[in-house]
Amino acid sequence: MGYTPDFDMDDQPAAREHTGTAFGEILRRRVSRRGVLKGSALLGLQASWPGFARAPGASGRPSFRELAHGLDETLHVAEGYSCQVLLRWGDPLFPDAPAFDPANQNPDAQGRQFGYNNDFVEWLPLPRSGDSSVSGLLVVNHEFASSSMMHPGAPRARDLARDQVDTEMQALGLSVVEVRRQGGTWQAQRASAYNRRITPHTVMRFSGPAQGVRRVRTSFSPQGIQTLGTFGNCAGSRTPWGTVLTAEENVQSYFTGEAKSTEEQRGYERFGMLGTRTARSAWGRFHERWDLDRHPRAGLHAGWVVEIDPYDPAFMPVKRTALGRCKHEGCGIVVNRDGRVAVYMGDDQRFEYIYRFVSREPYRPGDPAHNLSLLDDGELSVAEFTEHGTLVWHPLVWGFAPHTYANGFASQADVVIDMRRAADLVGATPMDRPEEIKVDPLTGHVFAVLTNNTRRVREEVDPANPRPANRHGHILELVPPERDHSAREYRWEPFVLAGNPDDPQDHARYHAGVSPNGWFSNPDNCTFDRTGRLWIATDGFNDEGIADGIWVCASTGPDRALPKHFLRAPVGAEICSPCFTPDHRTMFCSVQHPGEGSGYDEPSTRWPDFDEHLPPRPSVIAVMHDQGGEIGS
Ligand code: FEO
Ligand code: CA
Ligand code: CA
C-alpha cells in the first residue's frame with residue numbers, strides 16, 4: 001500500500017534494541033564473496049556474480065524494449081503491449097447495482113460496486129477443474145480507503161461523516177468478479193452468479209487454535225467462533241486446492257480506544273494497535289465494534305489470514321488462526337516435496353519478522369474437505385538469519401520453552417494471537433518491512449521482498465538487512481535444502497539491494513548489466529511466471545520522483561538479477577499483484593491509489609477516465625501483447 005500521511009508508519013513502535021555489526025563489515029562478509037556491486041566502488045568489492053546460479057536451468061530472458069523511468073499522469077507499458085482498464089472503483093458488479101456517481105456515493109451503492117484501492121489480484125479459471133485463460137474469476141483485495149481522494153471536498157479521514165465512513169467500509173474487503181476474454185478484449189460479467197462483495201461486515205468464522213477461546217469472545221461473537229468482516233486486505237495467494245488466501249495487514253488504525261487496564265493492553269501495544277489514534281480511527285466513533293474501550297477483545301479479530309472459496313458465493317470465509325496474527329502482507333503457498341503445504345508470510349512493519357507455516361497433513365488433490373482443513377493444523381515458525389548465510393526456523397509451538405506458562409502463554413491460541421511476542425522470545429531477525437514472499441517454480445527457492453526501513457541505524461544492521469537508513473529496500477533469496485520447505489535450516493543470499501546503482505551512497509546491487517531504467521526502489525509485490533522470471537512491483541519509488549511500476553528479471557542463469565522496466569504507474573499510484581492467466585497471454589495487475597497526495601477536487605491525475613467530472617479511480621488492468629504472445633517473451 002501507499003503510506004498516505006494519515007496512515008503513516010509513524011504509528012510504529014520504537015525500534016527495539018538490536019546488537020549489530022558495522023555496515024561496511026557486514027557487506028564485505030556477505031556480499032563481496034559473490035556480488036557484483038555495481039555502484040559500490042566505495043566498498044571496493046569484487047565481482048563474482050551470480051550467487052545461486054548453480055541452481056538448475058535459467059529463467060527466460062525478457063525480450064521487450066524497456067520503458068524509461070518517468071512520472072506523469074498516465075500509465076505506460078513497454079512497446080508492443082497494451083493495457084485495458086477492466087475494473088474501476090465504483091463499477092457495478094450486479095445487475096441491480098447503480099452506476100458510479102462519485103458526488104453522491106453511498107454505502108448501499110458502494111456495497112454493490114467494485115471497491116476502492118484494489119491490491120492483490122488472482123485468476124481462477126472457469127470451470128474450476130480446467131485451466132482456461134479466457135474465462136475465469138478475478139479475486140481482488142480492496143486494501144484501504146483514501147478519504148481525500150474519494151469524497152468531494154477532500155475530507156481528512158478523521159473528519160468523515162457517518163455516511164462517508166460507512167461508504168468507505170463498504171469499499172473495503174474483496175470483490176469476486178467473473179471476467180471473459182472475447183476477441184482481444186476482457187469484459188466483466190455483471191450478471192454472473194459468482195460475483196460477490198466481501199466487506200468488513202461479512203459473516204465469517206474462526207478456525208484453528210484461537211477458535212472459540214475466551215480471548216476472542218465478544219458480544220458480537222459470544223462463542224468466539226463467528227467473526228465479522230475483513231479489512232486491510234493486502235496481498236494473498238491461490239491455494240493448490242483452488243481457494244484464495246487474503247492477508248489482513250494494516251488493521252490497527254481503524255480501532256479507537258486503548259483497552260486500558262485490560263489483559264489485552266500489552267498485546268495491543270506490541271501489535272502497534274495503541275498509541276496510533278490516527279485519522280482512520282473514525283470507524284470506532286460510529287461503530288462500537290471498533291472501540292477497544294467498549295470491546296477490548298475486538299482487536300483480536302483482526303490481523304489474520306482469511307480463506308475464501310470464490311467458486312462458492314455462499315462460502316463463509318474462514319480466519320485461519322494457525323497462521324498467526326500480525327500485519328500480514330501476504331502468504332506465499334507451496335506444496336512441499338512430501339505433499340505438505342508451506343506458507344511463507346511477511347509481517348509488514350519496520351523491524352518485524354518473516355514467518356512460515358507447514359501443514360501437518362499433505363495436500364490431497366481431489367479431496368476438498370481434507371484440503372480445507374490443512375491450514376488449521378501444522379507448525380508455525382519464525383526466521384532468524386545468521387551472518388553465515390544460514391537461516392534457522394524457530395518453532396512457535398506452545399508447551400516448549402519459551403512458549404509456556406512461565407512467559408504468559410497458556411495455549412497455542414495465545415501463541416498465534418500474540419505471534420509477534422512469541423517470535424521476540426526466540427531471537428527472530430527484525431527485518432526491513434517484509435512484504436511479499438514467493439517461491440520460484442524452477443528452483444524452489446523462496447524470494448522475500450523487504451520494502452525499506454529508514455529507521456534502521458548503523459548499529460542495527462545485520463547480514464540480512466545490511467544497509468542503515470534503508471530507503472530503497474532489498475530482496476533475499478532463501479534456499480531450502482533439496483527443496484524441503486519444512487527443513488529447520490535454509491541457506492540464503494541477497495538477491496537485489498535496490499536503489500540507484502550509479503549512486504555510491506545507495507550501495508545498490510544488481511546484475512552488472514543493469515540499465516539506467518532497470519533499477520528500482522521499494523519493491524513490494526512479486527510473482528513468478530512459469531519460466532521462472534520474477535516480476536517485481538514497487539510502492540514508494542514515486543517519492544523519489546520516479547513513477548512506481550513493474551520490473552522483471554531472471555531469478556537464475558546469466559541474466560539473474562538484471563531487471564527491465566515493463567510498466568509505469570500514473571502519478572501517486574503503486575502497482576500491486578501482478579498475476580497471469582495460465583497461458584501467460586494476459587497479465588492482470590492493480591493500479592492502487594492514483595493521484596495519492598493530492599485531493600478529490602484537484603487531483604494530480606484523473607486516470608483512467610480523464611473526465612473532469614470524475615476523480616482518479618483505482619483499477620484493475622489487463623495487459624496483453626499486441627500480437628497475442630506471452631507476456632515478457
Ligand atoms: Fe499493503 Fe505492505 O503493503
Ligand atoms: Ca508497501
Ligand atoms: Ca503491499
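Tyr-510 turns out to be buried, with a relative accessible area of 0%. The model behind this value is a predicted one. Phe-520 also counts as buried, again at 0% relative accessibility. The rings of these two residues, Tyr-510 and Phe-520, have centres 5.8 Å apart and planes at 80°, so they make an edge-to-face pair. Both partners sit in the loop between strand E24 (489-497) and E25, ten residues from each other.

That pair is part of a bigger set, since a search of the whole structure turns up 29 aromatic pairs. Another one joins Trp-89 and Phe-100: here the ring centres are 4.7 Å apart and the planes meet at 65°, so this pair is edge-to-face too. Trp-89 and Phe-100 both belong to the loop between strand E2 (81-88) and H2, with their positions eleven residues apart in the numbering. Both of them are buried. Elsewhere, ring pairs go beyond twosomes and link Phe-64, Tyr-81, Trp-535, Phe-566 and Phe-580 into a cluster.

Trp-89 shows up again in the surroundings of Tyr-116, as one of the residues that Tyr-116 touches. Tyr-116 is found in the loop between H2 and E3, and at 0% relative accessibility it counts as buried. Leaving aside residues up to four places away in sequence, its contacts also include the run His-142, Glu-143, Phe-144, Ala-145 and Ser-146, along with Met-149, Met-150, Ala-171 and Pro-618. The fold also brings in a residue from far along the chain: the C-alpha atoms of Tyr-116 and His-593 are separated by 8.4 Å, although the two positions lie 477 residues apart along the chain.

Next comes helix H4, which spans residues 162-170. Its buried residues are Val-165, Asp-166, Thr-167, Glu-168, Met-169 and Gln-170. What covers them includes three helices, H2 (107-110), H3 (147-150) and H6 (283-286), plus strand E7 (196-198).

Now for the metal. The calcium ion (ligand 2) gets its protein donors from Glu-435 (OE), Asp-524 (OD) and Asp-539 (OD), at 2.2 to 2.6 Å. Along the sequence, these donor residues follow the spacing E-x88-D-x14-D. Glu-435 lies in strand E21 (residues 434-439) and Asp-524 in strand E25 (residues 523-528), so the pair ties together parts that are 89 residues apart in sequence. Glu-435 does double duty, bridging the calcium ion (ligand 2) and the calcium ion (ligand 3), which lie 3.8 Å apart. Glu-435 and Asp-524 are both buried.

Strands E21 and E25 also help to line the largest pocket. This pocket has a volume of about 1,000 Å³. It is lined by 42 residues, and the closest to its centre are Glu-122, Arg-238, Thr-239, Ile-333 and Phe-528. Besides E21 and E25, the elements that each supply at least two lining residues are strand E3 (118-125), strand E10 (233-238), strand E14 (332-335), helix H7 (368-371) and strand E29 (574-580). E3 gives the largest share, with seven residues. Sorted by class, the lining holds 22 nonpolar, eleven polar and nine charged residues.

Terms used
Residues are numbered from 1 along each chain as its sequence is written. Chains are lettered from A and ligands numbered from 1 in the order in which they are written. This is a predicted model: local features need pLDDT of at least 70, side-chain atom pairs count only at pLDDT 80 or more; totals for chains, interfaces and linings use all residues. Side-chain values use heavy atoms; hydrogens and water are left out. Donors are N, O and S atoms within 2.8 Å of the metal (3.2 Å for Na, K and Ca); water is not among the atoms, so sites may look incomplete. Helices (H or I, at least four residues) and strands (E, at least two) are DSSP runs, numbered from the N terminus. Buried means under 20% relative accessible area, exposed over 50%, partly exposed in between (1.4 Å probe, protein chains only). On a 1 Å grid over the protein atoms alone, a cavity is a set of points where a 1.4 Å probe fits but cannot get out, and a pocket is an open set with protein on both sides within 12 Å along at least five of seven lines; lining residues have an atom within 4 Å of a point. Grid points are joined across faces, edges and corners, and a volume is the space filled by probe spheres set on the points. Ala, Val, Leu, Ile, Met, Phe, Trp, Tyr, Cys and Pro count as nonpolar, Asp, Glu, Lys and Arg as charged, and the others, Gly among them, as polar. Contact means heavy atoms within 4.5 Å. Rings of Phe, Tyr and Trp (its six-membered ring) pair if their centres lie within 6.5 Å; planes under 30 degrees apart count as stacked, over 60 as edge-to-face and the rest as tilted.
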